[in-house]
Amino acid sequence: MRKPCCDKEGTNKGAWSKQEDQKLIDYIHLHGEGCWRSLPKAAGLHRCGKSCRLRWINYLRPDIKRGNFAPDEEDLIIKLHALLGNRWSLIAGRLPGRTDNEVKNYWNSHIRRKLINMGIDPNNHKLYQTSPLPHAASSSSRLNLDLTIAFPAHYSSSPTFTLAQEDDDNNNNNPKPTSENMDESNPTLLLFQ
DNA sequence: AACCCTCGCAACCGCCAGTAC
DNA sequence: GGTACTGGCGGTTGCGAGGGT
């Protein structure tokens with residue numbers, strides 16, 4: 001049996017207090033990131049190591065960009081999601097200052113709904129066969145319908161843009177990156193640099 | 001004013017891959 | 001090669017805020 005990542009007894013859960021944040025920041029400034037399992041004890045925090053890591057990565061890190069996503073960031077997320085699927089950490093890696101959790105939340109709360117309203121299946125970026133909403137057909141007509149994948153029209157003219165892989169019918173809604181298409185040298189992803 | 005509902009976001013959970021022994 | 005440990009990831013949950021009735 002796998003041991004739990006931490007002793008659940010005596011560890012705090014839920015929202016972090018300012019004091020806890022400060023302890024974590026101070027400790028990482030002094031000792032750097034890493035060894036999350038032993039960090040809570042060393043830093044005097046009654047938290048799980050995983051919880052500390054998450055708090056630092058998603059909220060306390062100094063290089064985090066907070067606030068609304070710019071339109072170009074949103075476009076990039078849509079494009080990357082079409083290529084990579086729900087690989088949020090990879091997508092976030094292409095968005096400086098954004099975290100995987102933030103991108104994931106933004107996708108689920110904003111972009112996903114937006115695509116659905118446009119008649120686009122957010123899972124595979126294809127137009128719905130039968131529109132889930134009455135106005136979906138007219139909305140989708142604003143897109144370039146020549147594309148199998150329904151990217152915004154201004155991407156369709158890019159001569160360098162190619163799909164990582166074709167969707168083989170309905171059993172592959174979230175194409176996973178292969179070692180080949182994850183390669184920095186792959187022209188598919190070079191487009192986004 | 002009180003209640004209900006929806007939404008956005010922070011945080012948790014469980015699983016998996018990599019690594020050390 | 002097998003096992004244990006750790007970090008990282010994606011899915012999901014829970015809570016607070018804000019809007020509507």
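Mentor: A polar contact is a pair of N or O atoms within 3.5 Å; within protein, one must be able to donate a hydrogen and the other to accept it, and residues adjacent in sequence count only if both atoms are side-chain atoms. This is a predicted model: local features need pLDDT of at least 70, side-chain atom pairs count only at pLDDT 80 or more, and totals for chains, interfaces and linings use all residues. Residues are numbered from 1 along each chain as its sequence is written, chains are lettered from A and ligands numbered from 1 in the order written, and side-chain values use heavy atoms, without hydrogens or water.

Trainee: How far is a polar side-chain atom of K13 from a phosphate oxygen of DNA strand B?

Mentor: K13 is among the closest residues to strand B, along with K50, S51, R55 and R66. The partner on the DNA is a phosphate oxygen. The separation is 2.5 Å.

Trainee: Which residue has a polar side-chain atom 3.1 Å from a base nitrogen of DNA strand B?

Mentor: R66 can be set aside, as its side-chain N or O atom lies 2.7 Å from a phosphate oxygen. The residue at the base nitrogen is N101.

Trainee: Which elements give two or more residues to the surface near DNA strand B?

Mentor: Near means that a heavy atom of the residue lies within 4 Å. On that test, 18 residues surround the strand. Elements here are DSSP runs numbered from the N terminus: helices (H or I, at least four residues) and strands (E, at least two). The two that qualify are α3 and α6.

Trainee: How many residues of the surface near DNA strand B are charged?

Mentor: Asp, Glu, Lys and Arg count as charged; Ala, Val, Leu, Ile, Met, Phe, Trp, Tyr, Cys and Pro as nonpolar; the others, Gly among them, as polar. The surface has four nonpolar and six polar residues. The charged residues number eight.

Trainee: What share of the DNA strand B atoms within 4 Å of the protein belongs to sugar or phosphate?

Mentor: Split those atoms into two groups. One group belongs to bases. Sugar or phosphate accounts for 56%.

Trainee: What pattern does chain A follow along the sequence?

Mentor: Chain A has nine helices and two strands. It has 193 residues, of which 40% count as buried (under 20% relative accessible area; exposed is over 50%, partly exposed in between; 1.4 Å probe, protein chains only). Read along the sequence, the pattern is α-α-α-α-α-α-β-β-α-α-α.

Trainee: How many aromatic pairs does the structure hold, and which residues form the stacked one?

Mentor: Rings of Phe, Tyr and Trp (its six-membered ring) pair if their centres lie within 6.5 Å; planes under 30 degrees apart count as stacked, over 60 as edge-to-face and the rest as tilted. The structure holds two such pairs. The stacked one has 4.2 Å centre to centre and 15 degrees between the planes. Its members are F69 and Y106.

Trainee: How many residues apart are F69 and Y106?

Mentor: Both are buried. F69 lies in the loop between α3 (49-60) and α4 (71-84), and Y106 in helix α6 (residues 100-117). The pair links distant parts of the chain, and the separation is 37 residues.

Trainee: What angle lies between the planes of W88 and W107?

Mentor: W88 sits in helix α5 (residues 88-93) and W107 in helix α6, 19 residues apart. Both W88 and W107 are buried. Their rings are tilted, 5.9 Å centre to centre, with a plane angle of 50 degrees.

Trainee: Over which ring does the charged end of R98 sit?

Mentor: The test needs NZ of Lys or CZ of Arg within 6 Å of the ring centre and within 35 degrees of the ring normal. R55 meets it over Y59, 4.0 Å from the ring centre. R98 also sits 4.0 Å from a ring centre, that of F69.

Trainee: Is H125 buried or exposed?

Mentor: H125 lies in the loop between β1 (120-121) and β2 (126-127). Its phi is near 65 degrees, a positive value in a residue other than glycine. Most residues other than glycine have a negative phi. Because its relative accessibility is 2%, H125 counts as buried.

Trainee: Why does E33 count as partly exposed?

Mentor: E33 is in the loop between α1 (18-31) and α2 (39-43). The class follows from accessibility, so the deciding value for E33 is 48%.
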